[in-house]
Amino acid sequence: MVQADDSSLDPHELRAVQLVARRALDRASGWGVYPTPIGDVLTAANIKVATASIFDPRRIMEFLIGKAESTAVAIRSAISKMFGVADTLDNTIHIDHTVRESKQNFLKLHEAGHLELPAHRKIFRIFQDCEKMLDPDISDLFEREANNFARYVMFQGDGYRDMAADHELSIRTPMKLAGKFGASIYASCREFARTNHRACAVYVLEPITYHPETGARAEVRRIEVSPSFGQRFGRPADTVITRMHSLGRVLPIGRKMSRATPISMTDLNGQAHECLAEAFDTTFNVLILVYPKKALTPSVFA
Ligand SMILES: [Zn+2]
């Protein structure tokens, strides 16, 4: 299923988040340090990471002692579907230690965002003290803000974008930069498309499944486009990639990667462009990078 947008913010909301994230990196002297020194960012912000995971069922009851009843209920339900919790009372974050390290890194920064963004701190404290349930709209905005905090710190503002610009337009670039920054390949590929000055799109697919009649298929989880790709091609609305889809041939079946394969994509003016598509299977997701073979000449509508 295509996932809800998890990161769009209004420009003024985004600027406010980036300012706080910038300060967090400043305090840790984290700029230009690779991989991004998340431990230093947390230490400089006086945030502790709980050593014993709250996600360990034996620890949950212990953690809930002394919490208000509604908080306990909210935490228990959150734990069933989340991998991180921020506790404003003792400035501690709890991370599910069983998820892979690159994801833990992002989770730590996401939870740190909840503790660092003043509005979150204030509301979370009220939420804990006055037993008020958090309004779903506010909680959704907070999630998007915390994701942008994490993204800004992890990719060091425009640092990732500028580094990617010096590398070839290939799926190998975000794979390599993921290791450089300490991010997951998934997060790196998303950042690669969103910030690229060239036209490109990244399809994030769920693992490939096999249907008895139609064969291999993969549901679209989300699609990220670069600004110039979006301007020329719009945002693709595909929900599933089957063998019949133009990207079907690129699905890496029985292998980790698919090399650059020519496909045709039609832009918003109805003009066909020869594009290349390459894929990588992370085992958690299949990532496909698509880009026009020749650099785009400015469209009359650009
Ligand atoms: Zn959150």
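Where does N46 lie in the chain? In the predicted model, N46 is found in the loop between α2 and β1. Its phi is positive, about 60 degrees, although N46 is not a glycine. Most residues other than glycine have a negative phi, and most peptide bonds are trans. N46 is exposed, because 9 other C-beta atoms lie within 10 Å, and a residue counts as exposed at 12 or fewer. A further backbone feature occurs at P35, in the loop between α1 (11-27) and α2 (38-44). The peptide bond from Y34 to P35 is cis, with omega near -10 degrees.

The secondary structure of the protein comprises 11 helices and 10 strands. Of its 302 residues, 33% count as buried. Among contacts between residues at least 6 apart in sequence, 60% join residues at least 24 apart.

One of the buried positions is A24, in helix α1. A24 has 23 other C-beta atoms within 10 Å and is therefore classed as buried, the cut-off being 20 or more. Once neighbours within four places in sequence are left aside, the contacts of A24 are with V41, A45, E116 and V153. The C-alpha atom of A24 is also separated by 7.5 Å from that of A44, which lies 20 residues away along the chain.

An open sheet is formed by three strands in the order β1-β3-β2, with mixed pairing. The edges are occupied by β1 (48-49) and β2 (84-87), each of which has a single partner strand, so one side of each is left without a neighbour in the sheet. Strand β3 (residues 92-95) runs antiparallel to β2 and is joined to β2 by four bridges. Within this pairing, A86 has I93 of β3 as its bridge partner. Helix α5 (residues 101-116) lies across β1, β2 and β3, and its direction makes an angle of about 30 degrees with β2.

Helix α9 (residues 172-181) and helix α10 (residues 185-195) have axes that come within 8 Å and cross at roughly 120 degrees. The crossing of α9 past α10 is right-handed. On the α9 side the contact involves T173, P174, M175, L177, A178 and F181, and on the α10 side I185, S188, C189 and F192. Classified by residue type, this contact contains eight nonpolar and two polar residues, and no charged ones.

The buried residues of α9 are T173, P174, L177, A178 and F181. Viewed down the axis of α9, these residues fall within an arc of 140 degrees, so they line one face of the helix. The elements that cover them include α7 (136-154), α8 (159-165) and α10. G182 follows α9 and has a positive phi, near 80 degrees.

Towards higher residue numbers, strands β8, β9 and β10 are linked by successive antiparallel pairings. Strand β8 (residues 257-266) is joined to strand β9 (residues 272-281) by eight bridges. P262 has L276 of β9 as its bridge partner. The two strands form a hairpin with five residues between them, and G270 in the turn has a positive phi of about 85 degrees.

Seven bridges connect β9 with strand β10 (residues 286-292). In this pairing, A279 stands opposite I288 of β10. β9 and β10 likewise form a hairpin, here with four residues between them. T283, in the loop between these strands, has a positive phi of about 80 degrees although T283 is not a glycine. T283 is exposed, because 7 other C-beta atoms lie within 10 Å, and the limit for this class is 12 or fewer.

How values were computed: Residues numbered from 1 in each chain as written. Predicted model: local features only at pLDDT ≥ 70, side-chain atom pairs only at ≥ 80, totals over all residues. Axes fitted to C-alpha atoms, helices over the stretch in contact; angles between N-to-C directions. Left-handed = near helix turned anticlockwise from the far one by under 90°. Contact = placed C-beta atoms within 7 Å. Nonpolar A, V, L, I, M, F, W, Y, C, P; charged D, E, K, R; others polar. Pairing = 2+ DSSP bridges. Arc of directions from axis to C-beta.
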